[in-house]
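Visitor: I am new to this structure and would like to understand the reasons behind the words used for it. Could we go through them together?

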Amino acid sequence: MAAEQQRGIRVTQAELLCKDACGYYGNPAWQGFCSKCWRERTRKEEAVRQETGPHNDAGSPLTFSKFEEKKNMEKGRKVNTMRRLFWGGPSPPKRPESSEGQAATLKAYQSIEPGDFTSFLKLLRNPSSQRLQSRCTAFLNTMEAYHGLPVQKQSDLVQDFYQNIAVHFSSLSEVQVSQMMEHIEKLIMTRLHKWVFCHDSCDDEVKDLALQRRIRSLNWVTPHMLRVPFPDERAEVVSDPFLPAITAIIEMDAKRAPQDKLTCICKCSQNVFQALSTSNSEPANADDFLSGLIYVVLKANPPRLHSNMQYVIRFGLPHSLMAGESGYYFTNLCCAVAFIEKLDGPALNLSPEEFEGYMQGRRAPSKRGSERQNMARETQDQLEDLKGRQEKVDQGMNALKEQLQHWVQSVQAQIDEADDVKDQSVLLLEGKESNNNTCLTETEC
């Protein structure tokens, strides 16, 4: 009974946060850390490896590990060369600018509405934004020239560019800086998408196919198995209530900017909550949401889901993934994918034999269960329909009785009125006859 009463896939808020307790959302792709803590850890480990790594002596043979180390050092020199190309040195130079021109430019940026990318592009073409435009153009041209670098190196370069370009908007408020950086991200990544998405240096394409096969093999999983509080189907529903969420997450693959992909994830998650709110059960909570999101991913089987998630992780703005609504929804999507990849019988309240039977197609309880549920719902609907019809018949009979009583009363009133008229006529005739008899008697006399 306890297993049946449990709602959703339970994940606590603490499990979603960074393992370093920084207060931001963690991610399974970063081993439970947020993007900031994860990059700091990887850079420290890289620095330690370079300092403590074995050096090749002149007389010792060149082993494979030493060859890889030398190769990585050469790649590191290429990255440093690219950074010098962008900023003329290891760090961006601080050039004095005209305070009046800078103030006018920043005031113009402040007037841009959130999400108005077209106005941002128009303002970027103005002479007052020449320095910002030149830095973006130089970065794009150099990234395209060095598109053969490993995707993780390219990710580090893009994240470094975000940090350095944010200094340009340092006088704005934090909210305005975030809005401007979202425009910068869209400008940069829309052009770099074809070079860095599903890069040859990683195995994203292989993992995409593996995840698609995994989701396809789980097409028998029902909302009841996931403990999703499915909406009451007795209500008039034209289509699947989760269909808008399924459509939104499928549309993610068509977007090129990480922020646009996150928007699709947010839209999908909001539609999941909307679908759950139509249920006759208690209001949807976080556990219901994660279960509903898992169900949507299984139903949609989004194209290149792993590549899209990795693309957002590598090239998205850190603040979009570490906090806020988009960070919460994206973290839950990562948890949903991790749950699907490790899904087994106990997670669905099934024995290992039952789970294996479903995976091999020997059992199909979802269809049988749905048929029984549909028959029960149809029977209940028919009973309620008959009950409604009976109530209408009873109401009609009562109305007919009232009409019949009114008719009988009206007929009786007409009969009584006719009797009164008849009595009056008889009395008049009798009066006339008596008068005539009186006249005859007087004549005779």
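Guide: What follows is a short conversation about surface and core, and the model shown is a predicted one.

Visitor: Why is W407 called exposed?

Guide: The word exposed is kept for residues with over 50% relative accessible area, and because W407 has a relative accessibility of 53%, W407 counts as exposed. This residue lies in helix α18, which covers residues 365–444.

Visitor: What makes the nonpolar surface patch to which W407 belongs?

Guide: The patch is made by L404, W407 and V408, and its area is about 330 Å². Members of a patch must have over 30% relative accessible area, a condition that W407 meets with its 53%.

Visitor: How do you know that D419 is partly exposed?

Guide: Partly exposed is the class between buried, under 20%, and exposed, over 50%, so D419, with a relative accessible area of 38%, is placed in that class. D419 also lies in helix α18, and on the surface it gathers with D416, E417, D420 and D423 in a patch of negative charge.

Visitor: What makes up the largest nonpolar core?

Guide: That core has 52 residues, and those with the most contacts inside it are W220, V221, L226, F330 and L348. Several helices each supply at least two of its residues, among them α10, α12 and α17, while the largest share, ten residues, comes from α16.

Visitor: Why is a residue of such a core called buried?

Guide: A nonpolar core is by definition a set of buried residues, and buried means under 20% relative accessible area. A second, separate core of 35 residues includes F117, I188, F315 and L317.

Terms used:
Residues are numbered from 1 along each chain as its sequence is written. This is a predicted model: local features need pLDDT of at least 70, side-chain atom pairs count only at pLDDT 80 or more; totals for chains, interfaces and linings use all residues. Side-chain values use heavy atoms; hydrogens and water are left out. Patches are made of residues with over 30% relative accessible area and no salt bridge: like charges are joined within 9 Å, nonpolar side chains (Val, Leu, Ile, Met, Phe, Trp, Tyr) within 5 Å. Accessible areas come from the Shrake-Rupley method with a 1.4 Å probe; for residues, only the protein chains shown count as cover. A salt bridge is a side-chain nitrogen of Lys or Arg within 4 Å of a carboxyl oxygen of Asp or Glu. Helices (H or I, at least four residues) and strands (E, at least two) are DSSP runs, numbered from the N terminus. Buried means under 20% relative accessible area, exposed over 50%, partly exposed in between (1.4 Å probe, protein chains only). Lys and Arg count as positive and Asp and Glu as negative; His and the chain ends are not counted. The place of a charge is taken as NZ of Lys, CZ of Arg, CG of Asp or CD of Glu. A nonpolar core is a set of buried Ala, Val, Leu, Ile, Met, Phe, Trp, Tyr and Cys residues joined through side-chain atoms within 4.5 Å.
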